[in-house]
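Thank you all for coming; I would like to walk you through one structure this morning, slowly and piece by piece. Please keep the model open in front of you as I speak.

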Amino acid sequence: MGTSHATAFAKINLALHVRKRRADGYHELETVFAFLDQGDSLWMEPSEQFSLDLEGPFGRNLADEDYETNLIYRAAKLHRNGVVPPVAFRLNKRLPIAAGLGGGSADAAAALRLLNDKCEVPLSTDELHAIAAQLGADVPACIDSLPVVGRGTGTLLEPIENDVSGLHCLLVNPNISVATGPVFKAWDGVDRGPMPEGSARSILQDGRNDLEPMALKICPQIGIILQELREAKPLVARMSGSGATCFGLFDDAETLQRSAAEVASRHPDWWTMTGRLR
Ligand SMILES: C[C@](O)(CO)[C@H](O)COP(=O)(O)OP(=O)(O)OC[C@H]1O[C@@H](n2ccc(N)nc2=O)[C@H](O)[C@@H]1O
Ligand SMILES: Nc1ncnc2c1ncn2[C@@H]1O[C@H](COP(=O)(O)OP(=O)(O)OP(=O)(O)O)[C@@H](O)[C@H]1O
């Protein structure tokens, strides 16, 4: 049994409609999750005891935290019913932290996939999703990392026609972390209506991200990012999750590259990533 590898694909919300604030403070939403073919890289190999090595552009940002708080550790422990498995994980952290890209959720899902693949008696899809939901609202969708509708807090998944696969995607983050809690808290309580029905692409065109105005107040750079992304005439430019990362989606690679080069030259201090939707 050697080393196995999984990509923790970056998540974007093609649309995110906030419908209701629940009594427990959480919010019910309707969203379409989609995934870039890029993300963090996670390796796993058998070992004497559990370990987690963090490297890559954002590895240092997590290194100061106790490894027991890392979603990879928590996922591994839950997968083995509370017994921490003797495996060594190595994470190349390419996705920024608290960025609306579900990086931690994707890492947790990648760990669950790796552990399940190496398991003599693998968990069923339903069992895997139940564990995932305990780790975070985005984790169940990250298991398959393909377009899917999320309801409730995002853990109730429904299939959707994937007609966005292959679209070219530019992600831009101003290198400012935005915590999810305060953004939801700032929501004004106004239900702006359900997410339209249809394929992923039609919801992308007709949907919205209801968290954009709140995140924009916390991080005004989001407005500049959206404005600059729109200069390249993408299919859509929108914020992902609770921000601050925004995405531009394009039919062709040339326009994407031009837009990426423009953003990079104007804002060398911003983080960008390009890829294609799965
Ligand atoms: C914004 C999204 O990324 C969209 O995909 C997700 O809804 C975020 O879900 P998540 O990763 O589970 O969010 P967490 O980072 O665990 O949540 C932080 C805080 O955001 C608030 N929160 C989160 C999700 C939700 N549906 N309603 C909320 O009000 C809660 O106060 C929570 O304590
Ligand atoms: N492997 C991990 N990678 C990133 N963050 C992690 C990880 N494990 C635990 N965390 C914690 O989770 C928090 C949120 O991380 P993450 O990067 O997933 O947020 P996000 O991109 O805002 O996700 P979302 O789109 O769900 O809002 C961080 O504050 C971090 O301390």
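Let me begin with a hairpin: E8 and E9 form it, with 6 residues between them, and Gly-241 in the turn has a positive phi of about 55°. When I say helix or strand, I mean DSSP runs numbered from the N terminus, helices being H or I runs of at least four residues and strands being E runs of at least two. I should say early that this is a predicted model, in which local features need pLDDT of at least 70 and side-chain atom pairs count only at pLDDT 80 or more, while totals for chains, interfaces and linings use all residues. Residues are numbered from 1 along each chain as its sequence is written, and chains are lettered from A and ligands numbered from 1 in the order in which they are written.

Staying with the hairpin, E8 and E9 run antiparallel and are joined by 4 bridges, and Arg-238 stands opposite Phe-247 in E9. The loop between E8 and E9 also holds Ala-244, and a cis peptide bond, with omega about 5°, joins Gly-243 to Ala-244. For comparison, most residues other than glycine have a negative phi, and most peptide bonds are trans. With that in mind, look at Ser-145, which is not a glycine and yet has a positive phi of about 55°; Ser-145 sits in the loop between helix H5 (139–144) and strand E5 (148–151).

Now let us widen the view to the sheet. The hairpin strands belong to an open sheet of 4 strands, whose order is E8-E9-E7-E10 and whose pairing is antiparallel; two strands count as a pair if DSSP finds at least two bridges between them. Which strands are at the edges? They are strand E8 (236–239) and strand E10 (271–276), each of which pairs on one side only. On average, neighbouring strands of this sheet are turned by 20° against each other, direction ignored. Strand E7, residues 168–173, pairs with E10 in the antiparallel sense over 6 bridges, and within that pair Val-172 has Thr-272 of E10 as its bridge partner.

Two helices pack here as well. Helix H9, residues 221–231, packs on the sheet and touches E7, E8 and strand E9 (246–250), with its direction making about 10° with that of E9. Helix H10, residues 253–266, lies across E7, E9 and E10 and runs at about 15° to E7. Axes here are lines fitted to C-alpha atoms, for helices over the stretch in contact, and angles run from 0 to 180 degrees between N-to-C directions.

Next, the domains. The protein chain is divided into domain 1 (4–12 + 35–145) and domain 2 (168–276), with bounds that come from an automatic or database domain assignment. The C-alpha centres of domain 1 and domain 2 lie 25 Å apart. The contact between them takes 12 residues from domain 1 and 18 residues from domain 2, where contact means that the C-beta atoms of two residues, placed from the backbone, lie within 7 Å.

That brings us to the ligands, where a residue is near a molecule or strand if its C-beta atom, placed from the backbone, lies within 6 Å of it. Around ligand 1 there are 19 residues, and those that come nearest are His-27, Ala-137, Gly-181, Phe-184 and Gly-241. Strand E1 (4–21), strand E2 (27–46) and helix H6 (180–185) each supply at least two residues of the shell around ligand 1.

Ligand 2 is surrounded by 20 residues, the closest being Leu-71, Gly-103, Gly-104, Asp-107 and Gly-241. Helix H2 (71–79) and helix H3 (103–117) are the elements that give two or more residues to this shell, and H3 provides the largest share, 4 residues. Why does ligand 2 lie between the domains? Domain 1 and domain 2 both give residues to the shell around ligand 2, so ligand 2 lies between them.

Finally, a word from the records. The unreviewed UniProt entry places the annotation "active site" on Lys-11 and Asp-138; UniProt positions are given in the numbering used here, feature names are shortened, and annotations may be inferred rather than shown by experiment. These residues span 128 residues in sequence, yet no two of their C-alpha atoms are more than 8.5 Å apart, so they gather at one spot. Lys-11 itself lies in strand E1.
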